[in-house]
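Let's take a walk through this structure together, one site at a time. Have the sequence and the 3D view open as you read.

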Amino acid sequence: MSVVSQAPAATVRHDWRRDEVRALLDLPFADLMQRAQQAHRQHFDANQVQVSTLLSIKTGGCPEDCAYCPQAQRYHTGVEATKLMDTEQVLEKARQAKANGATRFCMGAAWRSPKDRDIPKVAAMIHGVKAMGLETCATLGMLSADQARDLREAGLDYYNHNIDTSPEMYGDIIHTREFQDRLDTLEHVRDVGMKTCCGGIVGMGETRHQRADFLRALANLPAHPDSVPINRLVRVEGTPLAEQSELDPFEFVRTIAVARLLMPKSMVRLSAGRETMSDELQALCFLAGANSIFYGEKLLTTANPEADADMQLFRRLGIEPMPHCETSGTVHADIAEDSCAA
Ligand code: SAM
Ligand code: DTB
Ligand code: SF4
């Protein structure tokens, strides 16, 4: 208790110790939820959730060995490898996403890193999506400094690149690139002024201590990620983690709550894994400070809840989609709506 009370939890810090984070994860559930709510309401309207749509612009056939991933070529998951989509097809999907109320469009590719020749094609997609008034996000694997600059110049707002798990556990999950490679890509992204989207996966067999270390690693990055996707492992047949036992749902909620406390101004995304969550569990995640979701029936290759089900859940909980000018965490709900160009 003493470790927790010494640290005002909702301040923006980059020097979290593992025992402090662990102490937050260990709080009685009601105390943790109350603190997370308080931090959430300090920076956001607790009744607004940001809506992103995800599109796989290049699926499967990935040379990497991420133990959770249905798109790794070496696992037999039934995912068919495709080529990079045509720009016009991508733009059509973005138009649909916008018509359905998304404010951010995230394009994902199953690459270790993009080839330089891919960059102009992706740049054209980004340019077109941005021109529709959507926020743009991409997740294409590792980036060089030059690639990050080119994507920024094409109008990319966010780059998603996850640390995925704690530094300690990383080597058990991925062998084809290092934790440091991830940090390097994040640095290239920050250096060109793009916003970072960085989080990871829980439920891969980690201990609570390792979850604390995963959260600590995120919060101690040189800048807090603007968006923090917290994915619950989707157990896909054929991957090494297919038989992993399910994480206690309250542990998942605790992870969200501590992410909210450590990174109070960031968007915390209740990301993969919602398809198998009850409405009640998702509501608890929103109460814990999650304020973003992926909307639309598919993530990259796995299922997401039906759009109608999400809209119904929003209605039942009195949640409104967040206009995109409020996603930085610095614009409080009290600020007049007319200052928002969304
Ligand atoms: N290939 C790029 C990379 O790995 O950086 C981008 C796409 S990759 C699919 C994006 C993220 O999706 C991963 O970092 C991981 O966090 C998440 N992800 C992949 N498979 C998942 C699964 N089965 N369950 C939960 N999250 C998953
Ligand atoms: C993130 O952290 N989660 C999203 C997004 N970033 C790209 C991807 C989830 C993928 C889940 C497995 C699949 O659908 O293939
Ligand atoms: Fe490839 Fe990304 Fe999947 Fe890893 S997570 S196997 S890099 S698509």
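A residue is called near a molecule if one of its heavy atoms lies within 4 Å of it. Keep in mind, too, that this is a predicted model.

With that cut-off in hand, let's begin at ligand 3. Which residues are around ligand 3? They include three cysteines, Cys62, Cys66 and Cys69, along with Glu64, Tyr68 and Ala72. Ala110, Trp111 and Arg177 complete the group. Sorted by class, this shell holds 7 nonpolar and 2 charged residues, and no polar ones. As for the space itself, ligand 3 sits in the largest cavity.

Next, turn to the pockets. The largest pocket encloses about 500 Å³ of space. Its lining is made up of 20 residues, and those nearest the centre are Leu54, Leu55, Lys93, Glu297 and Lys298. Where does the lining come from? Strand 1 (48–58) and helix 4 (87–99) each supply at least two residues of it, and strand 1 gives the largest share, with 4 residues. The class count for this lining is 10 nonpolar, 7 polar and 3 charged residues.

The second largest pocket has a volume of about 210 Å³. It is lined by 16 residues, and Leu233, Val234, Arg235, Gly273 and Thr276 are the closest to its centre. Here the classes come to 5 nonpolar, 6 polar and 5 charged residues.

From the pockets, let's move on to two individual residues. Look for Leu313 in helix 12, which covers residues 307–317. Is Leu313 buried or exposed? A residue counts as buried when its relative accessible area is under 20%. Leu313 has a value of 4%, so it is buried. Leaving aside residues up to four places away in sequence, Leu313 touches Asp279, Gln282 and Phe286. You can also check its spacing to Ala283: the two residues are 30 apart along the chain, and their C-alpha atoms are separated by 8.5 Å.

Our last stop is Asp164, found in the loop between strand 4 (158–160) and helix 7 (167–173). Asp164 has a relative accessibility of 4% and therefore counts as buried. What is the sign of phi at Asp164? The angle is near 75°, a positive value in a residue other than glycine. For background, most residues other than glycine have a negative phi.

Conventions. Residues numbered from 1 in each chain as written. Chains lettered and ligands numbered in written order. Predicted model: local features only at pLDDT ≥ 70, side-chain atom pairs only at ≥ 80, totals over all residues. Heavy atoms only, no water. 1 Å grid on protein atoms, 1.4 Å probe; cavity = no way out; pocket = protein on both sides within 12 Å on 5 of 7 lines; lining within 4 Å. Sits in = over half its atoms within 2 Å of the grid points. Nonpolar A, V, L, I, M, F, W, Y, C, P; charged D, E, K, R; others polar. Points joined across faces, edges and corners; volume = space filled by probe spheres on them. Buried < 20%, exposed > 50% of the residue type's maximum accessible area, 1.4 Å probe, protein only. Contact = heavy atoms within 4.5 Å.
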